[in-house]
Structure formats: structure tokens, C-alpha cells
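Here is a short tour of a protein model, with an eye on its aromatic rings and its strands. Have the viewer ready and follow along.

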Amino acid sequence: PLIEVDDLEEFSVRPAPQGVTVKCRITRDKKGMDRGMYPTYYLHLEREHGKKVFLLAGRKRKKSKTSNYLISIDPTDLSRGGESFIGKLRSNLMGTKFTVYDNGVNPVKTTSTLESSVLRQELAAVCYETNVLGFKGPRKMSVIIPGMNMDHERVSIRPRNEHETLLARWQNKNTESVIELHNKTPVWNDDTQSYVLNFHGRVTQASVKNFQIIHDNDPDYIVMQFGRVAEDVFTMDYNYPMCALQAFAIALSSFDSKLACE
């Protein structure tokens, strides 16, 4: 089935259709890095015959205490105040926990009279656990996303304070209306002397950054997978209930995670 992308803003937050894997590609552009700029990441939807449709662009902001990525629906406008700003990814100081926001307002910067519908939504949180085996083995990831209601729409999570955030809910085991996902544990392969996952041909280069995200109840259903196919090219596929913005931001966190030591 052809996936229609008529309105980028609407498409990027819409969950994947049930039963359809949305296949995408991320390219990393290192131009400008010699001038101290961070690379820009572009997300494209893959089409038949090598065609592709632009979806999102992301870049790390300079002068930010913690890692902070802006995500935009315009590849030429990666500014915070721009019309095209659609979401952001922010890490904690350690670079081990990340939160994905939409383009709503930060509750700290508002007065209590503000309509709650203007407050920013948290779309995902990612937590990387340090590796017990030193830095060589695969990393453990936990991904927390809002749950779905009976109409298959995402539950809106708009925290007003630290206690209501996705990470806080997950840490306090208050997982009502959220979904907890994990990366699939790779299997050690004696022939290649490495940890491997089966990406069914979508990933061609071994990398500790390759991952598949699953729910513990159904480890064969891949909610999202990400992996390397060339030096600066990666495939990113996602399924229901994830949307493009969630998956892209989770992929960006994996580029950034301090634990991602090669």
C-alpha cells in the first residue's frame, strides 16, 4: 500500500497504519562540521524504484548545556523560532536519558492560566543503560511512549511538572497509559564473532548502533528498527503504534548516546 504524505506535519505525528511497515532512510550530512557545526540528519520515506520523499530534518543545537536536537519539516530551516519546528529531543546531563517533545509550550515558561492543549506533549522517552560488559557489547535501551486509546489514537501526555513526565512515570512504575518497549537482545554469532540481529536485508553493516525495538509480550513484532547501510546512511523502519517523529528522534538519540562507544 502506498503511504500518502500530503501534510508533513500531520504525517510525522500520525501512527503507522496497522499492518504496514513504514520504511525510511536517514542520511547524515557532515558538511559544515569543519566550522564547528553539528551534522544534519535527514529522514526520507522510501518509495519504489529508489525514489524517496523528504519527511524530517534534525540537528543538534549549539550552546546547549545538554544535548538538544531540533526537528523540522523544512530541511532548510532548523531554527527554534521557525514555522517548521515540529519537535525536539533533549538529553539529561549524563547523556543516558532522552525525552522527545512536540512543538508545544514548555510548562515552566507558562502561567497556570494557559490552556492545557498548548502545553507540549511528550512523545517518547529513551533510557540507555550502561553496559555491564564494558563498552563492547550491545547497549540496553528502554523506550517509553504514550499508550493508544480505543480509537487507536495516541494518548496525550502533557506534563505540568517533573512528576508527570514519561521518564518519571516509568521510573515510578506508574505505567498506566504508557507503553514500555525494549531493544531486542542480539544473539552472539560464532562465525562473525559479533552480536547479530536479523534485519531481513534492511541493514548491511554491522554496528553496535543497530537496534530493533520490541514489546516484551511479542518479541517478534518489530515496532522499530534502525541500522547502518553505509558510512552516513541508515535505514529506519517503524510500525504501529509509532510515528515518524518518535522513531526519528529515537534514532537521533542513538547517534548521541554517550554510551554508544564504538
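Let us begin with the rings: in this predicted model, Tyr-41, Phe-211, Phe-226, Phe-234 and Phe-255 are joined into a cluster by ring pairs. With ring centres required to lie within 6.5 Å, the count of aromatic pairs comes to 6. One of them is formed by Phe-226 and Phe-255, an edge-to-face pair with 5.4 Å from centre to centre and 90 degrees between the planes. Phe-226 belongs to strand β13 and Phe-255 to helix α3, so this pair ties together parts that are 29 residues apart in sequence. Are these two residues, Phe-226 and Phe-255, buried or exposed? Both Phe-226 and Phe-255 are buried.

Another ring has a charge for company: the charged end of Arg-120 sits over the ring of Tyr-101, at 3.7 Å from the ring's centre.

Now for the strands. A closed barrel is built from 12 strands with antiparallel pairing, in the order β1-β2-β3-β4-β5-β6-β7-β8-β9-β12-β13-β14. On average, neighbouring strands of this sheet are turned by 20 degrees against each other, direction ignored. Within the barrel, β5 and β6 pair in the antiparallel sense over 5 bridges, and Ser-91 has Phe-98 in β6 as its bridge partner.

Here are some of the elements mentioned so far:

| Element | Residues |
|---|---|
| Strand β5 | residues 85-91 |
| Strand β6 | residues 97-102 |
| Strand β13 | residues 224-230 |
| Helix α3 | residues 244-256 |

Finally, helix α3 lies across several strands, including β1, β7 and β13, and runs at about 30 degrees to β7.

How values were computed. Residues numbered from 1 in each chain as written. Predicted model: local features only at pLDDT ≥ 70, side-chain atom pairs only at ≥ 80, totals over all residues. Heavy atoms only, no water. Phe/Tyr/Trp six-rings, centres within 6.5 Å; stacked < 30°, edge-to-face > 60°. Helix = DSSP H or I, 4+ residues; strand = E, 2+ residues; numbered from the N terminus. Buried < 20%, exposed > 50% of the residue type's maximum accessible area, 1.4 Å probe, protein only. Lys NZ or Arg CZ within 6 Å of the ring centre and 35° of its normal. Pairing = 2+ DSSP bridges. Axes fitted to C-alpha atoms, helices over the stretch in contact; angles between N-to-C directions. Contact = heavy atoms within 4.5 Å.
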